[in-house]
Amino acid sequence: MEKITREQILQFGKISATPVFLLHKNKVMFLNEQAEALHLTVEALILFPWGKDVVLDWPIELVKDGLEQFYKLYARHIFFDDEEDDDDGWLIQAVPSENQTELQEISRISKARKIMFDMSSKIDRIETDHDIYDFILDSCSKAVEYSDMCSLMKIDNGLAHVVAKRGYSDSVYQMYIEKDKTFIGLETKGRFDHSIMINNLEKYYTFYNRDRFADERGFSLKSTLATPIHVNGELFAILCFDSIEKNAFSEVDEELLDLIKADIEAILINHSMHREIMRLSVTDNLTGLYNRCYLQEYMRKHYDQEFYIGMLDMNDLKGINDNHGHASGDTMLKAMAAELTNAFPGRNVFFRIGGDEFLGVLFDMESEEIEIAIKKLRENLKARPYVLEDGEKRMLSFSFGFALHHSNDDFHDVMKIADGFMYKEKKSIKKRYDPE
C-alpha cells in the first residue's frame, strides 16, 4: 500500500492529462476536469470489486456523444499519510484502451506537464541567468524524448546565440546567427509566430554548410523541432530540439512543444519580475550601483575571502549642489559611478553608501595595481571635464583610501582603516587648495 498526502493527490490530478478519481469511504472525488467530463457515475465506481493489495486493470465501456468508448481503470491502493493507517482508498486513472499509441502519447504529455510543474516550483531558487537557461533546457530535454541534441538560443540585437546546449560541442557558444536565418526564422518568414517541425533538413544544405549544425560526433542534422519564446511580447529566445535522423518528430512532439513553450514563457516572465524586484531592493536608483542596505548581506556572502576594501568620497559635491543645482550634483554622482565601474572591471563591485560616498570591493588585485588604476582614473578625469546642467564644465575629483580584508576579518574594522586613509588624503587635498 502506498503512502500519499492529500496535497500530492490533488497535484497528481492537476498534472495528469487523463481522468483521475479518488475513491474514499464509498465516495468519489473528481480530481480534474477530464474526470468530470467523463461522466462516470459514482455508483459505477463504488460497485467495482476493489480488493486490497491488488492493482486492478478493469475494462469499462461507456457511451459518450453517441459513440462507444472503451477505457481501462488503473487503480492504486493508498492510505493517507495524515490519517490513521487503516483509513485507505483508491487512486483511479481512466485511460482509453483501444489505441496503445495514443496512450503512449497521453503518457508523454502527462510526463511533460509534471516536468514543467517541477521546473516552475524550483526556478526561483536559481540566481544567475546562465544557470536558469541551463536548468530550463535540462528540464525540457527530459520532456522531448526523441532528440539527439537541443539548444536554447537567446536573441540579442537581432542575433541568435546559444546560451545552453545538450549534445553539441562547446564551439556553438561562439556562433551568432541572424535570427531570420535560423531554421524557424526561415520557415516562419521572420514572423516567429508558431512552432515548426522539419523532418528533412536537406533543403537547407545549400543554404548552410551542413557541418555548421553538426553534433559533437560530427553527424549532420536531419530533423529539427523549434519554438519561439516570447517575453512581454518580444522574441526572447528560440528553443530547438534536433536529430540526426530523418522523420524524428511527430505532431505529438509539436503539440508537446507548444505546451512547454507556454510554461517557459510564464516562468521567464515571473522570473524577470522577481529579478527586477530583487534588483530594485539592492540597487541605488540614481547610480545603478549596489546600495548600503545590501552591503551587509554581500559581505556576509564573501566574509571568508581576501579582497581590498576601497573607500571613496567625492570632493566638493556640496559646492556643485549649492552653486549649480542638485541636478548637476546628480550628473556628477552618476558619472562617478560609471567611471569607477570602468576603472575596476571584472569581479569588482561598488556600493553607494552615502550622499557622495562609495565603497569598492576589489578582488584579485595587488595594492600596486589599485594605486595604478586610481592614478590612471584621475588622469582621465582631468582630461575629460563634465558638462553641468547650466553648461559649466567641472572636473570630477575624489579622495580615496583602501585596506586589505583577510579571510574572516570583520569588514567593519577594515572599512574604518580604509576610511582613515581616505580622510587623510582628503585633508591633504583640502590643505593643498585651502592652506588657511
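## Helix H11

Buried here means under 20% relative accessible area. The model is predicted. By that cut-off, the buried residues of H11 are Ile 370, Ala 373, Ile 374, Leu 377 and Leu 381. They lie on the same side of H11, because they cover an arc of only 100° around the axis. An α-helix has 3.6 residues a turn, so residues three or four places apart point the same way.

H11 runs over residues 367-383, 17 in number. From first C-alpha to last, the helix reaches 25 Å. That is close to the 24 Å expected at 1.5 Å a residue.

## The two sides of H11

The other side of H11 carries exposed residues: Glu 368, Ile 372, Lys 375, Lys 376, Lys 382 and Ala 383.

The buried residues have cover from several elements. One helix is included, H10 (326-343). The strands include E14 (307-314), E16 (357-362), E17 (386-387) and E19 (398-405).

## Strand E16 and its partners

E16, part of that cover, is itself mostly covered. Five of its six residues are buried.

E14 pairs with E16 in the antiparallel sense, over six bridges. In this pairing Tyr 308 has Leu 362 of E16 as its bridge partner. Strand E15 (residues 349-352) also pairs with E16 in the antiparallel sense, over four bridges. Here Phe 350 is the bridge partner of Gly 360 in E16. A hairpin of four residues joins E15 to E16.

How values were computed
Residues numbered from 1 in each chain as written. Predicted model: local features only at pLDDT ≥ 70, side-chain atom pairs only at ≥ 80, totals over all residues. Heavy atoms only, no water. Expected span 1.5 Å × (residues − 1). Buried < 20%, exposed > 50% of the residue type's maximum accessible area, 1.4 Å probe, protein only. Arc of directions from axis to C-beta. Contact = heavy atoms within 4.5 Å. Pairing = 2+ DSSP bridges.
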